[in-house]
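Q: Please take a close look at one strand in the longer of the stretches I am curious about, and set it in the context of the whole model. I would like a careful, connected account.

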Amino acid sequence: MNQNGSKDPAPGVLVVGSGYGALKAAEDLSHAGIPVIWATRSSQFLDLPEGVEPFEDWPGDLNFQFRPLYLRVTRHPLVTPLTQTRLESLSLEDGSCAAHLRQDPVYVDYDLCTGCSRCMELCPLNHGEHPPLQRSPAFCPSRALLLDKRPVSPCRQACPLGVNAQAYLALTAAGSYDKALAVVRRDNPLPGVCGYICSHPCESACRRGELDEPLAIRDIKRFLFDHEAELGPAALPEPEMGPRGQKVAVVGSGPAGLSAAHFLNQQGFAVTILEAAAQAGGMLRRGINAFRLPRPVLEAEVEALEQSGVEIITGTKVESARHLLDQGFDAVLLTVGTQRDLRLNLPGEELDGVLHCLDFLSAVNLGEGGSVGQRTVVIGGGNSAMDAARTAVRLGARQVTVVAIETEYELPASPREVAEAAEEGVAFQLGYAPVGLSGEGAIAEVSLRRAHWERPEDGPPRIEFDSEDIESIEADTVIVAISQSTDLPGSPLGDEVKLGGGGRLAVNEDLATSLDGVFAAGDAVSGPSTVVQAMAAGRRAAARVHGYLTGEASPWRELDQDPHGVGEHLPISEDLLREPRQRMAQRQPKVRRRDFEAVDLGLTVSQAQAEAERCLQCASCCECLECEAACEQVGAIDHSRQGRALQVRAPAVVWAEAGAPPWQGQAAPERVFPIDPESYSADLMDVLMMGSAAAGLAMAPAAGLRVPAVPAEAPPRPRPATGRIGFFLCACNGSMAPAPALERILDLARPVPGVAHVDSVFSVCHPQGADQIAEAVDRHQLSQIILASCVCCPLNFQCISCNDQRTRARMHLFERLGLDRGMVETVNLRDHLHAGQFSQEQIVQRARAMLRPAFIRMRHPGALRMGDTEIKKRVLVLGGSQVGISAARNLALQGLSVRLVHRAWPSGQELPDSIAARPLDDSLEDNITAVEAAEIEAIRGVLGDFKVKAKLDGRWRTWSADVVCLTDENLIGLSLYAGQTGLKKFYRYDFSFFNTPHSGVYRIMPVTLERVDPWQAGAALAGEVATTAAKAYLLDHQLSPVVDPARCRGCGRCAEICPFEAITLKQNPDGSFTSQVFRHNCVGCGGCVGRCPVSALDIPYFSNQLLEQMVAGVMGSEV
Amino acid sequence: MKLDSPEIKRIIKERSLYMCLECGKCSASCPRLLTGKEYSPRLLAHKLIAEPGDLAYIQNAVWECLTCGLCEERCPSGVQFSQAILDLRAELSKALGLTGFRAHDGAVHSWMRIMTSPRLEQNRLDWLTPELKVATDGPVAFFTGCVPYFDVFFSNIGVDTLSLSSDAIRLLNFLDIEPVVLGNERCCGHDLLWTGDRDNFAALCRLNYQEFKDHGVEEVITNCPECYQALGTYMPQVIEGFDLKVTLLIDLLEREVNKGGLSFRPLEQKVTYQDPCRLGRGAGRYEEPRNLLKRVPGLELVEMANNRHSAICCGNSSFINCDAFSKRIQAARLDQARDTGAETLVTACPKCMIHTSCALRDPAPGPQAPLKVRGLVSILAEQIEWAQDETPRRKSGAGGGSRGDKI
């Protein structure tokens, strides 16, 4: 039943929707042996159909009352429960229905979730407004976690690397800075560089901008890096893969090269970076100023990359990629960047004092000199131009003017750069294009014309001049900063590989160049871009290299190929207050313009915290994966799960959904049986009745699918006879108690005489945990087991406090693995250790107190009663009302043997005129044995073996039946004892409203017929009856008591107290009475044993004597 | 283990088991056997003498006996069978522990053992209503026994054994006796003694004796035949220098009636009388209760088929062995009572009241012919003729007295 498997379920009745009616329908169908596929859009099965308001008079704890039933249905072997599943289409084919279902991704597998809740403890968002991890509602027996995962947040989507900004903001807000930084490094090996100078497309996408201002995401990243740097050197994660033995050369150490090298290194390739310059960093070092990117930051990151295993060889210019291949590299990646400044191609560009941006910046940045005149004009509007301008300021220029065609709002440079440049005294002459440079030997003047960019749809942008006037500004230095191109054309490398437009490297869709084994990425392929885009390009190329060398798919999923999340982003609450973003402290412009020290000082801890808390957490779950780590062994949480499509073939469909059905406006198609949501407005009984009616009607077409008995999953294992005890302690995935306490509890068990094996199990309710126990039983030849976990009793689905995990532990151990139930003594430590409240010593002492009786108990194993009662399929329907005929026909259609008595009356009563006058229905199916009229003396016997004495045609005869239905009002007296209301069963959480105090005798109450259509009621009755009559066997309860006939006084107190009608009094020949237990009715509660004044009833598994011995042992000094 | 210790031999000798002629009259009269249980006093005697190795049989038989004494009544050789059982239970318990099957999961015996604690603090006088005149110190005490506990424990069968005590005090007050009622009295220990627990019986005896002495008591009046036997017969065996006078209330009443000090108002009712085993065969009081009943004008006493020496046990003794056969004994006895046509079954023992009430109130097989169960003293207290100014103020009418809901 793993809901994440891709297999389509076997045919069964499809129940669509949730709520009490659907639950009842699923119960009746599955308990009548018919497979059910139950699909609901909700995350749990008691969610009322949309728009349905709970009836006012319903008790507040109603859902809890349904809990045992819920558990019994959803864990029934014949039920395939599908939550978060929509019906996409429904069609009739070949006499059965074909349905297409779509299930949203189920991130927490409720077949595996142990409910340990460690994930919730670790989730950084767990205490916020929208905790992404929540327990399913308390009445939902699995209590499995639900993960609210919305579509990926815009910031992450906007990041070319897909860095999970939401997660590191969440972790920062939670104070987990190291984890936050590790999240950044998952996708970005240069958090420091990007923290300082990233163009942060994430912030432009941030939804907080709709409310006040976008998050300062980049500044937080910088904070995280700086915070780490204060504590020690930066470090990248260990490679994920061991060495593969394949070598990759990366040519160029700019952002693309560093990124590609890192990701390839992570995958186990031996990576060598070859850098022409004396120091690594490429454009990061040449082109970006130290006051924006302090050199220690860059150097720390390059150092970290080297530490993680990447070899960097500087001062080596690669002239031939082929040569590298010949040298033994298995692949080469060219990330050589754009090293050549573009020229204006204007007259006078050769004059002294006319510089080009990259030449200028790299001379300054590499410490090779660089000076400017008093009046410096920078031509260009990008970030490089700003860098050049601000560098000129720092080199002493008195007047620095930026000339650009763009207007202020069009400038490609980031507004922050522009603003900071302006603060430092840079002047702007915008909307002008240079048309000439002039001077006598050296530059003196720049001629400008008003212009703007024209961007036609079908061509490259071009400059449009707006005026014929030529203006000019004086200049001692001109810095041309209008972008760069590669320096490949004409170079040896450029001759070796094919080049494309603008001298860029030509690559195919696999980023491969014309040379086999040689790939290219970064600005050399795309032209100048941003750092983060270059890094993303580097990773994409790494993926191609990886694919080329291994033939495997990329280990790095790009977000655009990874659809996940359900629904919409979290809404922005109206209660949310506007709050400005935190700003880094900044040195004053007049101070900072004097040197090349950093301009910004970074966020303080409290600022970073406050800023991170502003995050809206758009996707709810931030995918920090903290929970996945906590759940590693259990494996219930998997953020990468995908939704799935299922195809279902169903002989019938029960429709319990509100809203527009697929057959909107028309009558429901044949074989579709709706539970009208209108019934919720009436009474709980009506809803349940509708559920049963739908089930009853669906049973006829589904009769062919019926399985007579649920086959055992595993044959019982032989049980070693020797007295070898195994002690297993469930760690509940680390949440039972601290590890040292668990170890001490295990130590308590080790020296106990008879103990042959002691071990802890990470989670007993997990398949692997159960496997571990079964293996140990075999290996150590254990004859008995003490299981200290959360399982408190050997009962099945009876108690309202039972849960899915306990049930699963039992299902795995006893049904799947076939362990003998009688060999296991369960101790519920989980609910009693209260690990959070007590010291280690107290925990151990509590465990000791709980475990002592179990060890004493091991010496007195009690026997479980195993067995079943065979029943046949004979139904006697007394009363030919519409209900009776409807029930009889439905049961006959299901293939059951039905005897219908049209007119019946109890002995000593008259047949009411209304029944006598009722016409006989002569259109009954052949397989119904119809009797016209009979006087009924009494119904004797028990479920599966009723004897009904009836007089017809003046002669008495006795009919045998397994189940009896009373469907005329005049007969109800046959089912009721004095003083009994017949509703006790209702409170057994069965909600079986046709039951009488006499198990196996069903009746319809007149009050029911006041509200419900009799044909519907008959179908519902048939559905209920089939849950018993269609079974081949009724299983005995393992804890049912035995009666000592010599001791039993026949006083009847046990029968009086038993709410399950499991005890009747049998008359002995001498007239005295003795109690008799119907083991298939018994639930093993032990009420009768407690009530018996003379201990004539006893449960062998928990005998009175055994309890006395245990009490004596506990009070004494044993163990 | 073989039961041939000197102690067992002494019991065989002292209780005259050697005298058994194996005539089988005992078995033929045993209510257990008559209701279908395989039980034979004769065979037990035989086993003890001739096959002491058959421990299983002997142990079972020793614990299964009702100790009703009917076999002894019939024995032509004077075998003291019940006394032998009493001794054997003590002896077997010494060797094998307290076995035997206790009804009500042994709760009754547990509370009796709890009472052996010297530090026990009981609240056992709540049932005393103001019109009942009692003293805290003095020469004459009334021994209440376990009735305050019974009424709580057996509340589900609606038995009112406390009325026996309140009516007894009412009658004593009528005779101008204001008895001491002790707030920290213990159980008399009868049931512990008869289930083999002699140590705890002795502990109760010592505590009770000390309590009597501390309050200056010289004479103890009791209304319960079991208490009478425990205090009068067995306590002196435990307490050295025992110097209390133990008086049965009906003896006192009979004396006063004979003196002419009591007269009764008429009661038009047909009643039958159940002889308690400890009162009849145990203490030889067959006629005293009957004589008292006959003093009530209009009251018609009709006898059951088995009466006086051949009366049948209420089905159970000392809260052990209640089982299917007990129920049959009770059913048979109640049938006998109904056959007399009486509307009330009168008895003089709280245990008989409990056991007959229980059988009458069994939910199965359904409603039975109505039969009231009343205590002898309650009828007497109800019908006694008070002088005009002496009429005690009663809380409730018939037989009532007040019940302590709390102990």
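A: What follows looks closely at one strand of chain A and then places it in its wider setting.The model is predicted, and the strand chosen is E29 of chain A, which covers residues 784-789.

Six of the six residues of E29(A) are buried, so the strand is largely enclosed by the rest of the structure. In a regular strand the side chains alternate between the two faces of the sheet. For E29(A), one side carries Gln784(A), Ile786(A) and Ala788(A), while the other carries Ile785(A), Leu787(A) and Ser789(A), and both faces are covered. The residues named include Gln784(A) and Ser789(A), which are buried along with the others.

E29(A) has pairing partners that can be named bridge by bridge. Strand E27 of chain A, residues 725-730, runs parallel to E29(A) and is joined to it by five bridges. Within that pairing, Gly726(A) has Ile785(A) of E29(A) as its bridge partner. Strand E30 of chain A, residues 824-828, is likewise parallel to E29(A), and this pairing too extends over five bridges. Here Leu787(A) is matched with Thr826(A) of E30(A). Ile785(A), the partner of Gly726(A), and Leu787(A), the partner of Thr826(A), belong to one and the same covered side of E29(A).

Two further strands of chain A serve as a comparison. Strand E33, residues 897-906, is mostly covered, with seven of its ten residues buried. E33(A) pairs in the parallel sense with strand E32, residues 874-878, over five bridges, and in this pairing Val875(A) has Val898(A) of E33(A) as its bridge partner. In another part of the chain, Leu82(A) lies in strand E3, residues 79-82. Leu82(A) has 26 other C-beta atoms within 10 Å and is therefore buried. The C-alpha atom of Leu82(A) is separated by 9.6 Å from that of Leu101(A), although the two residues are 19 apart along the chain.

Turning to chain A as a whole, its secondary structure comprises 36 helices and 43 strands. Of its 1119 residues, 50% are buried. The C-alpha trace spans about 140 × 75 × 55 Å along the principal axes, and the radius of gyration is 40 Å, whereas a compact globule of 1119 residues would have one near 32 Å. Among the contacts in chain A with a separation of 6 or more, 73% are between residues 24 or more positions apart.

Confidence deserves a word before details are read from this chain. Chain A averages a pLDDT of 89, and 96% of the residues score at least 70. Over residues 1-5 of chain A, however, pLDDT stays under 50, and the model has eleven contacts beyond four places in sequence for them. Residues 978-987 of chain A also stay under 50, with 13 such contacts beyond four places in sequence. Where pLDDT is low, the predicted coordinates should not be read in detail.

Chain A also touches chain B, through a contact that takes 19 residues from chain A and 14 residues from chain B. On the chain B side, seven of the residues are nonpolar, two are polar and five are charged.

Chain B has 18 helices and seven strands, and 50% of its 407 residues count as buried. Its radius of gyration of 21 Å agrees with the value near 22 Å that a compact globule of 407 residues would have, and its C-alpha atoms fill a box of roughly 70 × 50 × 40 Å along the principal axes. In chain B, 80% of the contacts between residues at least 6 apart in sequence join residues at least 24 apart.

An enclosed element of chain B can be set beside E29(A). Helix H18 of chain B, residues 376-383, has eight of its eight residues buried, so it is largely enclosed by the rest of the structure. Among these buried residues are Leu376(B), Ile379(B) and Leu380(B), and also Glu382(B) and Gln383(B). The buried residues of H18(B) pack against helices H10 (162-174), H14 (249-259) and H15 (287-294) and against strands E6 (344-347) and E7 (372-375) of chain B.

Chain B is divided into domain 1 (6-96) and domain 2 (103-256). Six residues of domain 1 of chain B are in contact with five residues of domain 2 of chain B, and the side contributed by domain 1 has three nonpolar, two polar and one charged residues.

Key: Residues are numbered from 1 along each chain as its sequence is written. Chains are lettered from A and ligands numbered from 1 in the order in which they are written. Helices (H or I, at least four residues) and strands (E, at least two) are DSSP runs, numbered from the N terminus. The radius of gyration is taken over C-alpha atoms; the globule rule is 2.2 Å times the number of residues to the power 0.38. A residue is buried if 20 or more other C-beta atoms lie within 10 Å of its own, exposed if 12 or fewer, and partly exposed in between; C-beta atoms are placed from the backbone. Two residues are in contact if their C-beta atoms, placed from the backbone, lie within 7 Å. pLDDT is the predictor's confidence in each residue, from 0 to 100. Domain bounds come from an automatic or database domain assignment. Ala, Val, Leu, Ile, Met, Phe, Trp, Tyr, Cys and Pro count as nonpolar, Asp, Glu, Lys and Arg as charged, and the others, Gly among them, as polar. Two strands pair if DSSP finds at least two bridges between them.
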